[in-house]
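Trainee: I would like to learn how to read a structure, one feature at a time. Please give the general idea and then the case at hand.

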Amino acid sequence: MDYDPDNIFAKILSGEIPSTRVYEDDDTLAFMDIMPRADGHLLVIPKTPCRNVLDASPEQLAAVMATVQKLARAAKVAFQADGITIQQFNEAAGGQEVFHLHVHVLPRHEGVSLRAPGQMGDFDLIAQHAEKIRAALT
Ligand code: AMP
């Protein structure tokens, strides 16, 4: 399958669609998921195009995972989390809905289940959570 340059995350990268950014470097961007399954749920994407792990270059994967680790550590501190769940889906049959490589970072607490998918989050709360993660990055 070819990369679709009109996918939502490409539009977030170009600024065509707004997002709550928490971190970026030359190769990657981290921003808040608008349907958070846990407080602090964020996504890490490469700035260059690829659909998912199946067509990504080793360099794209390495850059994304380095940022995932950075954000996972910050989110763990920001939310005093007991653990972090990392999720990543490939193609529709693998659970992927947006076809620009992305990795989910989800702060977790003992005994607390993930919320159901597909529920829009509260924008003010998401902005507050983003600020907590940004603060933990510095
Ligand atoms: P998946 O492709 O299954 O990993 O799911 C895509 C994820 O992107 C879901 O968790 C959505 O809540 C999230 N999402 C979709 N649109 C946006 C958006 N405009 N901004 C932030 N997150 C989004």
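Trainee: What joins the side chains of Thr28 and Thr67?

Mentor: In general, a polar contact is a pair of N or O atoms within 3.5 Å; within protein, one must be able to donate a hydrogen and the other to accept it, and residues adjacent in sequence count only if both atoms are side-chain atoms. Here the side chains of Thr28 and Thr67 are joined by such a contact at 2.6 Å. Keep in mind that this is a predicted model, in which local features need pLDDT of at least 70 and side-chain atom pairs count only at pLDDT 80 or more, while totals for chains, interfaces and linings use all residues. Residues are numbered from 1 along each chain as its sequence is written, and side-chain values use heavy atoms, with hydrogens and water left out.

Trainee: Where does Thr28 lie, and is it buried or exposed?

Mentor: Helices (H or I, at least four residues) and strands (E, at least two) are DSSP runs, numbered from the N terminus. Buried means under 20% relative accessible area, exposed over 50%, and partly exposed in between (1.4 Å probe, protein chains only). Thr28 belongs to strand E2, and its relative accessible area of 0% makes it buried.

Trainee: Which polar contacts does Asn7 make?

Mentor: One runs from the side chain of Asn7 to the side chain of Tyr3, at 3.1 Å. In addition, a polar atom of the Asn7 side chain lies 2.8 Å from the backbone oxygen of Asp4. Asn7 sits in the segment before H1. With 7% relative accessibility, Asn7 is buried.

Trainee: How many aromatic pairs does a search of the whole structure find?

Mentor: Rings of Phe, Tyr and Trp (its six-membered ring) pair if their centres lie within 6.5 Å; planes under 30 degrees apart count as stacked, over 60 as edge-to-face and the rest as tilted. The search finds one aromatic pair. It is made by Phe9 and Phe31, with 5.3 Å from centre to centre and 75 degrees between the planes, so the pair is edge-to-face. Phe9 is in helix H1 (residues 8–14) and Phe31 in strand E2 (residues 28–32), so the pair links distant parts of the chain, 22 residues apart. Both Phe9 and Phe31 are buried.

Trainee: Which residues are closest to the ligand?

Mentor: A residue is near a molecule if one of its heavy atoms lies within 4 Å of it. Here 16 residues surround the ligand, and the closest are Asp33, Gly95, Glu97, His102 and His104.

Trainee: What distances separate ligand atoms from polar atoms of Ile34, Val98 and His104?

Mentor: A nitrogen atom of the ligand is 3.3 Å from a polar backbone atom of Ile34. For Val98, a polar backbone atom lies 3.0 Å from an oxygen atom of the ligand. For His104, an N or O atom in the side chain is 2.6 Å from a ligand oxygen. As for the area, the ligand taken alone exposes 510 Å², of which the protein buries 88%; accessible areas come from the Shrake-Rupley method with a 1.4 Å probe, and for residues only the protein chains shown count as cover. H1 and E2 are the elements that give two or more residues to the shell around the ligand. With three residues, H1 gives the most.

Trainee: What is the phi of Gln80, and where does this residue lie?

Mentor: Gln80 has a positive phi of about 45 degrees, although it is not a glycine. Gln80 is in the loop between helix H2 (58–78) and strand E4 (83–87). With a relative accessible area of 68%, Gln80 is exposed. Glu91, also not a glycine, has a positive phi near 65 degrees; Glu91 is in the loop between E4 and strand E5 (103–108).

Trainee: What separates Pro49 and Phe9 in sequence and in space?

Mentor: Pro49 and Phe9 are 40 residues apart in sequence, and their C-alpha atoms are 9.8 Å apart. Pro49 is in the loop between strand E3 (42–46) and H2, and at 52% relative accessibility Pro49 is exposed. Thr20 and Asn90 are 70 residues apart in sequence and 24 Å apart in space, C-alpha to C-alpha. Thr20 is in the loop between H1 and E1, and a relative accessible area of 22% makes Thr20 partly exposed.
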